[in-house]
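Q: Hey, can you walk me through this structure? I'm new to this, so plain words please.

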Amino acid sequence: MDKIIFDLIEKELSRQRHGIELIASENFTSQAVIDATGSCLTNKYAEGYPGKRYYGGCEIVDQIENIAIQRLCEVFGAEYANVQPHSGAQANAAVFLGVLKPGDPILGFDLSHGGHLSHGSAVNYSGLVYNANFYGVEPDTGLIDMDKVEAKALEVKPKLIICGASAYSRDWDYGRFRAIADKVGALLLADIAHPAGLIAAKLLNDPIPHCHIVTSTTHKTLRGPRGGVIIMGKDFENPWGKKTNKGATIMMSAILNSAVFPGMQGGPLEHVIAAKAVAFGEILSPSWKVYGQQVQANAQAMAGSFISKGYHIISGGTDNHLMLIDLRSKYPDLNGRQAEDALINADITINKNMVPFDSRSAFVTSGIRVGTAAITTRGFKEEDCLRVVDWIDTILGDINDEARIANIRDEINEYMTAFPLYEDKVTV
Ligand SMILES: *Cc1c(COP(=O)(O)O)cnc(C)c1O
């Protein structure tokens, strides 16, 4: 055992146990997911796909990967799934590689309004290689105006339209996005990295019938291991007319599989794929809907309490598991970085986040993003969430009152002992 590293892992476990995790993109997997991730499968090379590998000895990982694919298709009522992307960004990059040529126009949600780096940001592969264009939210409502999305699509004639975000608390009108995509001859990609677990629980609009391709992470509301996936409700012929050498039509499933491997990645992480299968199995159990409903109820409770204390939530509330809070509404001089630093001193983890039309930079920001997926896994109910908002409000009321913040931290550490995490294990 490597004492240096395992001591640090234990410290991290202690941090996770004692704090309140409000980072909207995080969650706590089951012990079974951790066990699969930490298994001997990490030793296995399996380039290719089940039944068509470039290495021997893949009979068992083939079964595991097939189960992961079948379960994921069942979760979303999909016909096709690729469980190999190492992360959400890799899943998106593989889709782009498969369906676009360098320089092609794409249309995504503005990063500074809550979009994701991998949807065309200038510092990301997607923005460096493709001609990225963006839609955003309205300054007064914080909502996406679909007529403006349509006008932008008619103007830039994208080959690919991307819906989905990292910090947007409202549901998506996938049907309208599809109508716009059809009007301009674009493919429609939904990146459901954040709300996927709630979509799986049928608590939010379903992108599958409307979007050509859907990508997701597996570690946010899906509560699986760190990774990505690509799914399609229905396979379809490559619309850009590319054929095989023999003149046959290429199906999108073949294009996406080749884009992931060998296009984007080498060997798949079969230990992570096994953990994805475990997580998808958990999602297929009836208790998943109960979890999703509590995630939403907790987010509603938090949003209502923040609003009653004078904070402005972008778009005025939330439909999903997260909310973006504009701190300027209550404390014009307090920025997101200061809020994040003060809250971490009380063992509350959030992330600073730009708000739409932010007057401050991405390193400072005027907002914070909070989400309820992780605390709901810990067992928090609405009344616990109201306590959390009280603690946050007290801390932000005077970020320099170190004694008061230290007292709150002690109170929180004590509080969290009632919500056990990985109790049976000394080292996770
Ligand atoms: C988190 C996120 C991703 C990226 O996932 P990684 O696994 O960090 O690469 C992609 N798209 C959206 C919308 C996300 O929120």
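Here is the chat about the sheet, the helices, the cores and a strand.

Q: What kind of model is this, before we start?
A: This is a predicted model, where local features need pLDDT of at least 70, side-chain atom pairs count only at pLDDT 80 or more, and totals for chains, interfaces and linings use all residues. Residues are numbered from 1 along each chain as its sequence is written, and side-chain values use heavy atoms, with hydrogens and water left out.

Q: Cool. In what order do the seven strands of the open sheet come?
A: The order is β4-β10-β9-β8-β7-β5-β6, with mixed pairing. Strands (E, at least two residues) and helices (H or I, at least four) are DSSP runs numbered from the N terminus, and two strands pair if DSSP finds at least two bridges between them.

Q: Which strands stand at the edges?
A: β4 (80-82) and β6 (131-135) do; each has a single partner strand, so one side of each is left without a neighbour in the sheet. The twist averages 20° from one strand to the next.

Q: How many bridges join β4 to β10?
A: Three, and β4 and β10 (residues 228-232) run antiparallel. Ala81 is the residue opposite Ile231 in β10.

Q: Which strands does α4 lie across?
A: α4 lies across β5 (105-109), β7 (160-163), β8 (187-191), β9 (213-217) and β10, at about 155° to β9. Angles run from 0 to 180 degrees between N-to-C directions, and axes are lines fitted to C-alpha atoms, for helices over the stretch in contact. Helix α7 (residues 174-184) also packs on the sheet, where it touches β6, β7 and β8.

Q: Switching to helix pairs: at what angle do α4 and α9 pack?
A: Helix α4 (residues 88-99) and helix α9 (residues 252-264) pack at about 120°, and their axes are 8 Å apart. Among the residues that meet are Ala93 and Leu97 from α4, with Leu256 and Val260 from α9. Contact means heavy atoms within 4.5 Å.

Q: What classes of residue are in that contact of α4 with α9?
A: There are 11 nonpolar, three polar and no charged residues. Ala, Val, Leu, Ile, Met, Phe, Trp, Tyr, Cys and Pro count as nonpolar, Asp, Glu, Lys and Arg as charged, and the others, Gly among them, as polar.

Q: And the largest nonpolar core, how many residues has it?
A: The largest core has 51 residues, and those with the most contacts inside it include Phe76, Cys163 and Trp172. A nonpolar core is a set of buried Ala, Val, Leu, Ile, Met, Phe, Trp, Tyr and Cys residues joined through side-chain atoms within 4.5 Å. Helix α3 (residues 59-76) gives the largest share of this core, six residues.

Q: What is Cys163 in contact with?
A: Leaving aside neighbours within four places in sequence, the contacts of Cys163 include Tyr135, Trp172, Phe177 and Cys211. Another core, of 36 residues, lies apart from the largest one, and Tyr311 and Phe419 are among its residues.

Q: New topic: is strand β15 buried or exposed?
A: Five of the five residues of β15 (residues 367-371) are buried, so β15 is largely enclosed by the rest of the structure. Buried means under 20% relative accessible area, exposed over 50%, and partly exposed in between (1.4 Å probe, protein chains only).

Q: Which strand do five bridges join to β15?
A: That's β12 (residues 322-326), and the two run antiparallel. Strand β14 (residues 351-353) pairs with β15 over three bridges, also antiparallel, and Asn351 has Arg369 as its bridge partner.
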